[in-house]
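Hi,

Here is the structure I promised to pass on to you. My notes on what turned up in it follow below.

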Amino acid sequence: MAKHEYSYYPGCSSQDGASSSNLKRSIDTMCEELDVKLNEIPDWNCCSTSIGYGGGSVLPRMTLSARNIALSEEHNPNQDIVATCAACWLATKEAAERFREDENFLQEANTALAEANLKLTNKTPIRHMAEVLIEDIGYESLASGVKKPLEGIKIAGYVGCQTNRPFGIDGESFENPMYLDKMVDALGADSIPTYEKKVQCCGGALAFSEPEKSQEIIKGIIEAAYDNGADMIATPCPLCQANVEIYQDDINAKYGTKFEMPVVYYSQLISVAYGRNATDAALDGQIIKAKKLEDIAK
């Protein structure tokens, strides 16, 4: 029996072939090493964090998350719901809190859910995987399992905005959250606690609608990492990872920069530090290769 067990909501972008499928693969590897069992919610749906704001109203958007919570309560009872995507965590947690605060709103959602023979009791905690690592496992235990310390790698912990605002991680500063830095240190690498862009928004969906604005923001995030001597950026957010990695060629062409900064997930760092190979850690999914991590993984 696993030491820790959770109901798992992976989210759309983590599916096979999707933009952050390497997050899911490295999360699976990381959880194997940490003796964590993730029970995927059967027939889960999109949390609507993107499309939900494009039309309709609050109730349909929130009811999509309500369905996921209700399915979890039915199939994985008494298990906290854990999300690995920052946007999925934020959307699901927001829905749960709003239903908790407004009984009439909960009844409206349950009227819709009844069409699918579901009912939301809404008593399940919604947690980010980072919270599991911090609160249930802890930095000391995380450090104790390291087989290949990430020595000689300086890592800028880029939290982004969705795991930081409005809910944040319990006990962390909104201006200077330290949990990624503490994880980096626990794995034997060198953190950059003063990295000034750690909670800067990456521009989100502006990457599509107003790419020039988004790329200017991303440029600052990467420049700050270089200015602090970082070898790579680590993040918990799939959209942050994608935006900061994918657009470096465009930024180089526009601004005459020569960026080639790897952007990885914390789960990839943990997987490598725990002795797993580059494929297990999903490093083969990087557009900009994290060569120093690959060398350790070998």
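Asp 35 is partly exposed, with a relative accessible area of 35%. In this predicted model, its phi is positive, at about 60 degrees, although Asp 35 is not a glycine. You will find Asp 35 in the loop that runs between helix H1 (21-34) and strand S2. A second aspartate deserves a look on the other side of S2: Asp 43 sits in the loop between S2 and helix H2 (58-75). Asp 43 also has a positive phi in a residue other than glycine, near 55 degrees. Is Asp 43 buried or exposed? With a relative accessibility of 57%, Asp 43 counts as exposed, because the cut-off for that label is over 50%.

Strand S2 itself (residues 36-40) runs parallel to S1, and five bridges join the two. One of the pairs to look for is Tyr 6 with its bridge partner in S2, Leu 38. Strand S1 (residues 4-9) is largely enclosed by the rest of the structure, since five of its six residues are buried.

Further along the chain there is an open sheet of four strands, paired in parallel and ordered S6-S5-S7-S8. Strand S6 (190-191) and strand S8 (263-265) are at the edges with a single partner strand each, so one side of each has no neighbour in the sheet. The partner of S6 is S5 (residues 154-157), which runs parallel to S6 and is joined to it by two bridges. Here Lys 154 has Asp 190 in S6 as its bridge partner.

The loop between S5 and helix H7 (179-186) holds Pro 166. Arg 165 and Pro 166 are joined by a cis peptide bond, with omega at about 0 degrees.

Now to the empty space. How many cavities of 30 Å³ or more does a search of the whole structure find? The search finds one, and the space in the largest cavity comes to about 30 Å³. Its lining is made up of Thr 163, Asn 164, Gly 168, Ile 169, Glu 172, Ser 173, Phe 174, Pro 177 and Tyr 179. By type, these lining residues divide into four nonpolar, four polar and one charged.

Next, the packing. The largest nonpolar core has 47 residues, and Leu 150, Leu 269 and Leu 293 touch the most other members. Helix H5 (residues 129-137) gives the largest share of this core, six residues. Where does the core lie with respect to the domains? It lies between domain 1 (4-129) and domain 2 (147-297), because both give residues to it.

Helix H12 (residues 266-273) is mostly covered, with eight of its eight residues buried. Among them are Tyr 266, Gln 268 and Leu 269, and Leu 269 is also one of the three core leucines named above. Just after H12 comes Gly 275, which has a positive phi of about 95 degrees.

One last residue to point out is Tyr 255, which belongs to helix H11 (residues 248-255). Tyr 255 is partly exposed, and its relative accessible area is 32%. Between Tyr 255 and Arg 61 there are 39 Å in space, C-alpha to C-alpha, and the two are 194 residues apart in sequence.

Happy to talk any of this through once you have had a look.

Best wishes

Notes:
Residues numbered from 1 in each chain as written. Predicted model: local features only at pLDDT ≥ 70, side-chain atom pairs only at ≥ 80, totals over all residues. Heavy atoms only, no water. 1 Å grid on protein atoms, 1.4 Å probe; cavity = no way out; pocket = protein on both sides within 12 Å on 5 of 7 lines; lining within 4 Å. Points joined across faces, edges and corners; volume = space filled by probe spheres on them. Nonpolar A, V, L, I, M, F, W, Y, C, P; charged D, E, K, R; others polar. Pairing = 2+ DSSP bridges. Core = buried A, V, L, I, M, F, W, Y, C linked by side-chain atoms within 4.5 Å. Buried < 20%, exposed > 50% of the residue type's maximum accessible area, 1.4 Å probe, protein only. Domains from an automatic or database assignment.
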